[in-house]
Amino acid sequence: MSYKKILVVDDEEHIVELLKYNLENNSYNVITAFDGEEAYNKAIEESPDLILLDIMLPLLDGVEVCKKLKKNKTSENIPIIMLTAKSEETDKVLGLEIGADDYMTKPFNIRELIARIKAVLRRTNNSTESSKDILKVDNIIIDIESYEVKVDNEIIDLTFKEFELLKLLSENRGKVLSRNFLLDKIWGYDFYGETRTVDVHIRHLRKKLNLKEDVIETIRGVGYKIK
């Protein structure tokens, strides 16, 4: 039987042992790291299916580790769940902005963490199902098979979640998609009302694609649509 491999990164040994014990009891293969440099190196060498990454780490903090992994072609598509004792909104948004797939604040519930891991892995697995469709929105070309987006024939570097969000909106052109619907479809579970997540990704899409707000239209109090 092939188990999913998870890299657990935290400088607190008891937290690593707790996570390792519970993940292995849920049939995951666990590798560990205790500082940022070790985390980055193991992610490249081991190619885990998912990374649980603490923010407050020695040598290289979790934010920098996440940035480096998302810039490396070898590791850019590895899903990352950030773990941190910080609870401020700015920290949560920062983790999402740099490409993290989810964010949990310590102390966390193990059952909830396992549920989120399953949801992220499920979404990642579903993304491997290829399609030959090409979607076009104005001067934007979305190649679903190659996960490539071009604007005026120039390739635009999008994160996995940004691509999925743009694709879903494009596939439902003209329909208003609520923030909760987008959270459920893109993140794979009810994100406990954290609709700010969608707003952050929409803002980044508009900026990267140089879009006017009327292309991805905000429906106040509801969600978004592409005309």
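## Exercises on a predicted model

At 65% relative accessibility, Asn 153 counts as exposed, where exposed means over 50% relative accessible area, buried under 20% and partly exposed in between (1.4 Å probe, protein chains only). This is a predicted model, in which local features need pLDDT of at least 70, side-chain atom pairs count only at pLDDT 80 or more, and totals for chains, interfaces and linings use all residues. Residues are numbered from 1 along each chain as its sequence is written, and side-chain values use heavy atoms, with hydrogens and water left out.

**Exercise 1.** Find where Asn 153 lies and state the sign of its phi.

*Solution.* Step one: Asn 153 sits in the loop between strand S8 (148–151) and strand S9 (154–156); helices (H or I, at least four residues) and strands (E, at least two) are DSSP runs, numbered from the N terminus. Step two: the phi of Asn 153 is positive, about 70 degrees, although Asn 153 is not a glycine.

**Exercise 2.** Is Leu 59 buried or exposed?

*Solution.* Step one: locate Leu 59 in the loop between S3 and H3. Step two: Leu 59 counts as exposed because its relative accessibility is 64%. Step three: Leu 59 has a positive phi of about 70 degrees and is not a glycine.

**Exercise 3.** Describe the surroundings of strand S3.

*Solution.* Step one: strand S3 covers residues 50–54, and five of its five residues are buried. Step two: take the faces in turn; Leu 50, Leu 52 and Asp 54 are buried on one side, Ile 51 and Leu 53 on the other. Step three: S3 pairs with strand S1 (residues 5–9) in the parallel sense over four bridges, pairing being counted if DSSP finds at least two bridges between two strands. Leu 52 is the bridge partner of Val 8. Step four: S3 also runs parallel to strand S4 (residues 80–84), joined by four bridges, and Asp 54 stands opposite Leu 83 there.

**Exercise 4.** Which residues does Glu 217 contact, leaving aside its neighbours within four places in sequence?

*Solution.* Step one: place Glu 217 in strand S11 (residues 216–219). Step two: with a relative accessible area of 23%, Glu 217 is partly exposed. Step three: its contacts are Arg 206, Gly 223, Tyr 224, Lys 225 and Lys 227, contact meaning heavy atoms within 4.5 Å.

**Exercise 5.** Which peptide bond leading to Pro 107 is cis?

*Solution.* Step one: Pro 107 is in the loop between strand S5 (102–105) and helix H5 (110–126). Step two: the bond from Lys 106 to Pro 107 is cis, with omega near -5 degrees.
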